[in-house]
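Me: Please take a close look at one pocket of this model, and tell me what surrounds it. Then place it in the chain as a whole. I am new to this structure, so keep the sentences short.

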Amino acid sequence: MQGFDSRYQGLNRRQKQAVDLIDGPVTVVAGPGTGKTTVLTVRIGRILRETDTAPENILALTFTETGALTMRRKLIEVIGPAAYKVNIHTFHGFAAHVIERYPDFFPRIIGSTAITEAEQIKLIEHIIRTARFKLLRPYGDPNYYVRLILGEIRIFKRENIPPASLKRSFKKPPRRPQSRPTSAAAQVRLRDAKNKELALVYEKYERELSKQKYYDF
């Protein structure tokens, strides 16, 4: 591991501390471009050098494909060809790998494939085009809200809010009408009307995922 020594010597005191603590969890808090990936790869090298851990028993996760490729490249510089044996994935890529390898543990989506972002957009465009939406399908640009809708659906999934729960949230009794409508009240009514349509898009989206044998994250 000649690359390990040179990379290690290039670290500052705090980075070396993170690399040297190979037992238990370590949190590194730093901004962009400050060497977090380098610290992670050198720490992997330290673990392989000082323990009997095999490269294939190490898992490294990152958020983007670019990040995973960068980590692999830097790890090759640290430990050489053994870097190809280390499991480096994006979070979604690793989840898809687990689902594919152990399908019996995921009976609801067994036999399905992960949907791509392009396919998600196409699916939402289809839903918007074939259903009667007044607000989320503006005349001048019918697909104007498609990416915004996809972003909201991702938030719902991250917060574990299914379509049924979202729809129930819009069945509350209406407030007592004001004697004089205000612009603020009109904005609230418009927002609520859009959210009701959004809940319907979300419901149809989930139904189509199941029908077309897709799953998402």
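Reply: The pocket comes first, then two elements beside it, then the whole chain and a few residues further along.

A word on the ground rules. The model is predicted: local features need pLDDT of at least 70, side-chain atom pairs count only at pLDDT 80 or more, and totals for chains, interfaces and linings use all residues. Residues are numbered from 1 along each chain as its sequence is written, and side-chain values use heavy atoms, with hydrogens and water left out.

Start with the space itself. The second largest pocket holds about 500 Å³. A pocket here is an open set of points on a 1 Å grid over the protein atoms alone, where a 1.4 Å probe fits and protein lies on both sides within 12 Å along at least five of seven lines. Its volume is the space filled by probe spheres set on those points, which are joined across faces, edges and corners.

Now the walls. The lining of the second largest pocket is made of 16 residues. To count as lining, a residue needs an atom within 4 Å of a point. Lys36, Leu40, Ala60, Leu61 and Met71 lie nearest the centre of the pocket.

What is the character of the lining of the second largest pocket, by nonpolar, polar and charged residues? Eleven of its residues are nonpolar, three are polar and two are charged. Nonpolar covers Ala, Val, Leu, Ile, Met, Phe, Trp, Tyr, Cys and Pro; charged covers Asp, Glu, Lys and Arg; the others, Gly among them, are polar.

Which elements build this lining? α3 (36-50), β1 (59-62) and α4 (65-79) each supply at least two of its residues. The largest share, six residues, comes from α3. Helices (H or I, at least four residues) and strands (E, at least two) are DSSP runs, numbered from the N terminus.

Look along α3 for one of its residues. Ile47 sits in this helix. It is buried, because its relative accessibility is 18%. Buried means under 20% relative accessible area, exposed over 50%, and partly exposed in between, using a 1.4 Å probe and protein chains only. Leaving out residues up to four places away in sequence, Ile47 touches Ile22, Thr53 and Ile58. Touching is contact, meaning heavy atoms within 4.5 Å. Val19 is 28 residues away from Ile47 along the chain, yet their C-alpha atoms are 8.7 Å apart.

Move on to β1. Thr62 belongs to this strand. Thr62 is buried, at 15% relative accessible area. Beyond four places in sequence, it touches Gly67, Ala68, Met71, His89, Thr90 and Phe91. Met71 in that list is one of the residues nearest the pocket centre.

Step back to the chain. It has nine helices and four strands. From the N terminus, the order is α-α-α-β-α-β-α-β-α-α-α-α-β. The chain is more spread out than a compact globule, because its radius of gyration is 24 Å, well over the 17 Å that the globule rule gives for 217 residues. That radius is taken over C-alpha atoms, and the rule is 2.2 Å times the number of residues to the power 0.38. The C-alpha trace spans about 75 × 45 × 35 Å along its principal axes.

Of the 217 residues, 29% are buried. About 15,000 Å² of the chain is exposed, and carbon and sulfur atoms supply 53% of that area. Areas come from the Shrake-Rupley method with a 1.4 Å probe. Among contacts with a separation of 6 or more, 69% join residues 24 or more positions apart.

Further along the chain there is another buried residue. Ile153 lies in helix α7 (residues 146-158). Its relative accessible area is 1%, so Ile153 counts as buried. Outside four places in sequence, Ile153 touches Ile124, Tyr202 and Tyr205. Val201, 48 residues away in sequence, is 9.2 Å from Ile153, C-alpha to C-alpha.

Arg168 is in helix α8. At 53% relative accessibility, Arg168 is exposed. Arg168 and Lys196 are 28 residues apart in sequence, with 9.9 Å between their C-alpha atoms.

Two loop residues close the tour. Asn160 is in the loop between α7 and α8 (163-168). Its phi is near 60°, a positive value in a residue other than glycine. Asn160 is exposed, at 67% relative accessibility. Lys213 is in the loop between α9 (183-211) and β4 (214-215). Lys213 is not a glycine, but its phi is positive, about 60°. At 41% relative accessibility, Lys213 is partly exposed.
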